[in-house]
Amino acid sequence: MTETELEEIERDYVRWYPARIAAMDPAGAWSRPTMGLYAHIPFCAHRCHFCKYKVKVGDDLHDEMDEFLDAMENEIRTVRQRGQVAGRPLDVVFIGGGTPSLLAPRQLRRLLDRITSSFEFTDDCEFSMEWSPASLSGEKLKLFREAGGNRLSIGVQSFNDDVLKEIGRDHTAAEAREALRLAHEAGLDNINLDLIYRLPGQSVADVRRSVRDALACDPAHVSFYPLWIRENTVLWSRLQKGELELPGEDIEREMFDAACEIFEENGYEHYNVFDFVRRSTPRCRYTELQWEDGEWVGVGPSAVTYMDGRHTINTYSIGDYVKRANADGAATAAGSVLSVHARMRRTMMFGLRMDPFDTERFRRQYGVGVDAVFGPELVRLVEGGLIRREGTLLRLTAEGVRKVNNIGKLFYEAPDDRQTLGLSRRGLPILEVDR
Ligand code: SF4
């Protein structure tokens, strides 16, 4: 180093870094003041034939649920004291599972009381819970509504009793209709209905009928997604034995197109790969939170938290969760600290699932244009006919919607770019699993 350089170093006083700054509007100056909460309730009456989730299944789980709620209360108590959470109002709450509506009324009240007394809420907080038609009741709906609940997600899956039996659901189409009627009667009109297609033996005509039946129940939102057969499920075993025939790729495509047409005719907007919303109703904020870089805390086994550029996951094991949450109020088992570049990749991967993707939001968030960072990837997507540009917006084409998972993979980072916490060398979470 020369003497002049040394003199300069001594003379300069570093007041901030980086030295180069550019104009920024207030929207980009502060990170999100609100946050979301996800609470995972891992109990189900019985296991659906396509399900691989880690849930406890049984007729009478109430003692275990009580023990579980003790642990969850303790985790919530700890969470709300954390610096990143304290004083930050919730604008999204999602109680999912499993089947949270399986909780007895007194248990549901206990959970809702714990949540409502532990956090502040924005006036327009979207407060959702998942329900199964078989465990939904007027009494539970009333408790939910009184606690501020305003959105239901009901797992209907199909309006065909034979199909429901085939996939191991514990309700009939008539029970699903009755559940929707009760929800409307309770004044809860913001209802999502889950519907699966590409089911064994299903035809395009069946799918059309199923979508029409669903819309006849007047849901505000429909999540319409294909059946994925995962290893070691009942349907997977039957597929291995050649006992099951699934519609092929062409038929699957026809099914999706047919459904899109019916949603469109009935005034539903297709805003996210598998999600359709009635045009007069706001989009699902919980979906937006996840795909548009919102921050949230997840409580319960296998719950994910995304906060401060950290993606963490609680232990999958219910037994381990109860032990750890009771002992020290935390059950994090794995996670990843994302570099800014990894966060940008995450923004692209998830953000492109939403229609449209606003490149100006990206610029506000990261202080750099999306083309400067992902120019080659975007050129490939446009040339491949998977996305198109409309001014500053990026939109998936119909083909892009079908291939959205592959699009996401274009933005994967190399595993070595990532600082990991509790991940194995293959990047998989090291988690205990007790089956
Ligand atoms: S209700 Fe959901 S979580 Fe429970 S067994 Fe069925 S698919 Fe799995």
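1. Angles under 35 degrees between helix axes count as roughly parallel, and this cut-off is the one needed for a helix pair in the present structure, which is a predicted model. The axes of helix H8 (residues 204-216) and helix H10 (residues 249-265) come within 9 Å and cross at roughly 30 degrees, and therefore H8 and H10 are roughly parallel to each other. The crossing of these two helices, H8 and H10, is right-handed.

2. On the H8 side, the residues that meet H10 are Val204, Val207, Arg208, Val211, Arg212 and Leu215, while H10 contributes Ile251, Glu254, Met255, Ala258, Ala259, Glu261, Ile262, Phe263 and Glu265. Sorted by class, the residues in this contact of H8 with H10 comprise 10 nonpolar and five charged, with no polar residue among them.

3. Helix H4 (residues 105-118) packs with helix H5 (residues 138-146) at an angle of about 10 degrees, and their axes are 10 Å apart; H4 and H5 are therefore roughly parallel to each other. In this pair, Pro105, Leu108, Arg109 and Leu112 of H4 meet Glu139, Lys140, Leu143 and Phe144 of H5, and the contact divides into five nonpolar and three charged residues, with no polar ones.

4. For helix H13 (residues 340-351) and helix H14 (residues 359-366), the axes come within 12 Å and cross at roughly 160 degrees, which makes H13 roughly antiparallel to H14. The crossing in which H13 passes H14 is right-handed. Val340, Arg343, Met344, Thr347 and Met348 of H13 make the contact with Phe362, Gln365 and Tyr366 of H14, and by class the contact of H13 with H14 holds five nonpolar residues, two polar residues and one charged residue.

5. Turning to the division of the chain, the protein is split into domain 1 (32-291) and domain 2 (339-416). The centres of the two domains, taken over C-alpha atoms, are separated by 28 Å, and 12 residues of domain 1 are in contact with 11 residues of domain 2.

6. A last point concerns the ligand, whose surroundings consist of Cys44, His46, Arg47, Cys48, Phe50, Cys51, Tyr53, Gly98, Thr99 and Arg169. When the shell around the ligand is sorted by class, five of its residues are nonpolar, three are polar and two are charged.

Technical notes: Residues are numbered from 1 along each chain as its sequence is written. This is a predicted model: local features need pLDDT of at least 70, side-chain atom pairs count only at pLDDT 80 or more; totals for chains, interfaces and linings use all residues. Side-chain values use heavy atoms; hydrogens and water are left out. A residue is near a molecule or strand if one of its heavy atoms lies within 4 Å of it. Ala, Val, Leu, Ile, Met, Phe, Trp, Tyr, Cys and Pro count as nonpolar, Asp, Glu, Lys and Arg as charged, and the others, Gly among them, as polar. Axes are lines fitted to C-alpha atoms, for helices over the stretch in contact, and angles run from 0 to 180 degrees between N-to-C directions. Helices (H or I, at least four residues) and strands (E, at least two) are DSSP runs, numbered from the N terminus. Angles under 35 degrees count as roughly parallel, over 145 as roughly antiparallel, 65 to 115 as roughly perpendicular and the rest as oblique. A crossing is left-handed if the near helix is turned anticlockwise from the far one by less than a right angle, and right-handed if clockwise. Contact means heavy atoms within 4.5 Å. Domain bounds come from an automatic or database domain assignment.
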